[in-house]
There are 4 protein chains.
Amino acid sequence: MTHARRMIETNPNEAAVDAEALVECIEACFDCAQSCTACADACIGEGDLQMLARCIRLCLDCAEVCEATGKIMSRQTAFDAEMARAALEACAQACRLCGDECEQHAEHMEHCRVCAEACRRCESACNNVLSAINT
Amino acid sequence: MTHARRMIETNPNEAAVDAEALVECIEACFDCAQSCTACADACIGEGDLQMLARCIRLCLDCAEVCEATGKIMSRQTAFDAEMARAALEACAQACRLCGDECEQHAEHMEHCRVCAEACRRCESACNNVLSAINT
Amino acid sequence: MTHARRMIETNPNEAAVDAEALVECIEACFDCAQSCTACADACIGEGDLQMLARCIRLCLDCAEVCEATGKIMSRQTAFDAEMARAALEACAQACRLCGDECEQHAEHMEHCRVCAEACRRCESACNNVLSAINT
Amino acid sequence: MTHARRMIETNPNEAAVDAEALVECIEACFDCAQSCTACADACIGEGDLQMLARCIRLCLDCAEVCEATGKIMSRQTAFDAEMARAALEACAQACRLCGDECEQHAEHMEHCRVCAEACRRCESACNNVLSAINT
């Protein structure tokens, strides 16, 4: 349970894009920031740096971008489409790269499978809001 | 829906504290970071700085601390009780201060009421994990 | 004084781009994250929300993107050009938007003038690293 | 070169504590966030997880706390001593733990020696502001 939907509805400024798409994007960003943080840690716990260095790195990077984007999309005052687009494009790209990498380890490491799922969801949620902004 | 529980279960290192308490703490931290970010924005949108400057400020501060704590508690490798305690104590305190402030505006601004709820939940979730660590 | 240069030099992996450009980019990102955080706060302190809501919002957004980018560029292990590019492009764009807005208030508010300077420096430092990556 | 001092001086609200101590604290927090991010990455690049897992973990945690504290201390509007104290205490503690760990590897890894230096500086800068607040 998150409070994202209620926060959007109670903001004095109306959401600049479809509220459903926005809620899903914000929740997916924070969830993906958490999953990627946890997956980097789990990969460090696995102990095979030869195989997992790239996964750790992309997970840490992706967590940062998701966090920033989740906070930017949480703001409805003085919405700026260019700022939103810049963040959402970076986030969709980060999730794509990180999701691809995690997927390669998904068969042998369940945390990478779960994290890839979080990345795919976030990539798709960002792309949905991007479509809504661009039209 | 978040992936926090699955990420904890699939980490090669067992959680240092009760998994239920940990999941709730992590989810509450990220949720509170989102609510506080959104509440600061909503307060700016209200336009009454005389009344809301302190609320905006504490919301922005609380969001930072919750974010940091949510990420720290997401790590299970080489768990350090002192580090966890430092973060959790700061987070419980930040949520208490921010929740108290939001509560004062809850009657007239629904976003402050919702945000206070997120702060209370997070304060309590941090305190629960603190108790589990200290025993 | 920062430790950025020494941290780059002592990393077991060589920097993927020119070290001078990288140090400048990392330092500019963290400096701009600080300036934008402080400028949003100063604008709230000014009390003229009618005029400054957009500035506050863009400063808060820009701070997030700079922070994420500064951390991503601080990593030299398993460097990924696509991830770096996504972050740097978002950061250069955020700094451009925020710098433009701050500049409009620079005549009357010195904190906006100083913050615009930090944004310009960071935008330019990100673009320099982008050029180095793309060639 | 950072813009921290100029941002403090141009804020419409006077700094709640000695400006020199505040500038040093803010700069040390952002610098330490960068060093710890880079040191975690360098440790991953070293490839000896047996020895460095704790160092990586504490560096990532410390970076989060420093970032949050640097942003909280950058705000001068509606200063709240309890919030500042909570953040500064967590930050001094995180820097102490991380600095101690890095110091243990300082002889063989220069990045840990440099990072320990950044941690010591930040711990001391936070403690200085704490003293100023408590008196």
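Q: How many salt bridges does the rule count over all chains?
A: This is a predicted model. A pair counts as a salt bridge when a side-chain nitrogen of Lys or Arg lies within 4 Å of a carboxyl oxygen of Asp or Glu. Over all chains, the count by this rule is 76.

Q: Which chains does the salt bridge between B:Lys71 and D:Glu64 join?
A: In this salt bridge the closest N and O atoms are 2.9 Å apart. B:Lys71 belongs to helix 3 of chain B, and D:Glu64 belongs to helix 3 (residues 49-73) of chain D, so the pair joins two chains. The chains are B and D.

Q: Is B:Lys71 buried or exposed?
A: Buried means under 20% relative accessible area. The relative accessible area of B:Lys71 is 2%, and its partner D:Glu64 is at 5%. D:Glu64 therefore counts as buried, and B:Lys71 is likewise buried.

Q: Which residue of chain B forms a salt bridge with A:Glu67?
A: The rule finds six salt bridges across the interface of chain B and chain A. In the one formed by A:Glu67, the closest N and O atoms are 2.8 Å apart. The partner in chain B is B:Lys71.

Q: Which residues are joined into one network by salt bridges that share partners?
A: B:Lys71 forms a salt bridge with A:Glu67 and another with D:Glu64. The side chains of D:Glu9 and D:Arg6 also meet in a salt bridge, at 3.1 Å from N to O. Salt bridges that share partners make one network of A:Glu64, A:Glu67, B:Lys71, C:Lys71, D:Glu64 and D:Glu67.

Q: About how many helical turns separate D:Glu9 and D:Arg6?
A: Both residues lie in helix 1 (residues 4-10) of chain D. D:Glu9 is partly exposed at 48% relative accessibility, and D:Arg6 is partly exposed at 34%. Because they are three residues apart in that helix, their separation is about one helical turn.

Q: How many residues apart are C:Arg121 and C:Asp31?
A: Their side chains meet in a salt bridge of 3.1 Å, N to O. C:Arg121 is in helix 5 (residues 110-134) of chain C and C:Asp31 is in helix 2 (residues 19-46) of chain C, so the pair links distant parts of the chain. C:Arg121 and C:Asp31 are buried. In sequence they are 90 residues apart.

Q: What relation is there between chain B and chain A?
A: A turn of 180° with a shift of 0.0 Å along the axis lays chain B on chain A, with an RMSD of 0.0 Å. That is the relation of a two-fold axis.

Q: How large is the area buried between chain B and chain A?
A: The contact takes 39 residues from chain B and 39 residues from chain A. B:His3, B:Met7 and B:Gln34 supply 20% of the area that chain B buries against chain A, more than any other three residues. Carbon and sulfur atoms give 58% of the area buried between the two chains, which is about 3400 Å².

Q: Which helix gives the largest share of the side of chain B that touches chain A?
A: Between chain B and chain A, 18 residue pairs are in polar contact. Helix 1 (4-9), helix 2 (19-46), helix 3 (49-73) and helix 5 (110-134) of chain B are the elements that give two or more residues to this side. The largest share is 14 residues, and it comes from helix 2 of chain B.

Q: How many residues on the side of chain B that touches chain A are charged?
A: By residue class, this side has 14 nonpolar and 13 polar residues. The charged residues number 12.

Q: Which residue of chain A comes closest to the rotation axis?
A: Chain A superposes on chain C by a rotation of 180° with 0.0 Å of shift along its axis, at an RMSD of 0.0 Å. The copies meet through the same surface, because 100% of the interface residues of chain A are also interface residues in chain C. With its C-alpha at 3.1 Å from the axis, the residue that comes closest is A:Ala90.

Q: Which side chain is joined to that of B:His111 by a polar contact of 2.7 Å?
A: B:His111 lies in helix 5 of chain B and is buried, with a relative accessible area of 1%. Not counting residues up to four places away in sequence, B:His111 touches A:Met7, A:Thr10, A:Pro12, B:Cys39, B:Ala42, B:Cys43 and B:Glu46. The side chain in the polar contact is that of B:Glu46.

Conventions. Residues numbered from 1 in each chain as written. Chains lettered and ligands numbered in written order. Predicted model: local features only at pLDDT ≥ 70, side-chain atom pairs only at ≥ 80, totals over all residues. Heavy atoms only, no water. Least-squares fit on C-alpha atoms with pLDDT ≥ 70 in both. Contact = heavy atoms within 4.5 Å. Buried area = accessible area lost by both parts, 1.4 Å probe. Polar contact = N/O pair within 3.5 Å; in protein donor to acceptor, adjacent residues only side chain to side chain. Helix = DSSP H or I, 4+ residues; strand = E, 2+ residues; numbered from the N terminus. Nonpolar A, V, L, I, M, F, W, Y, C, P; charged D, E, K, R; others polar. Buried < 20%, exposed > 50% of the residue type's maximum accessible area, 1.4 Å probe, protein only.
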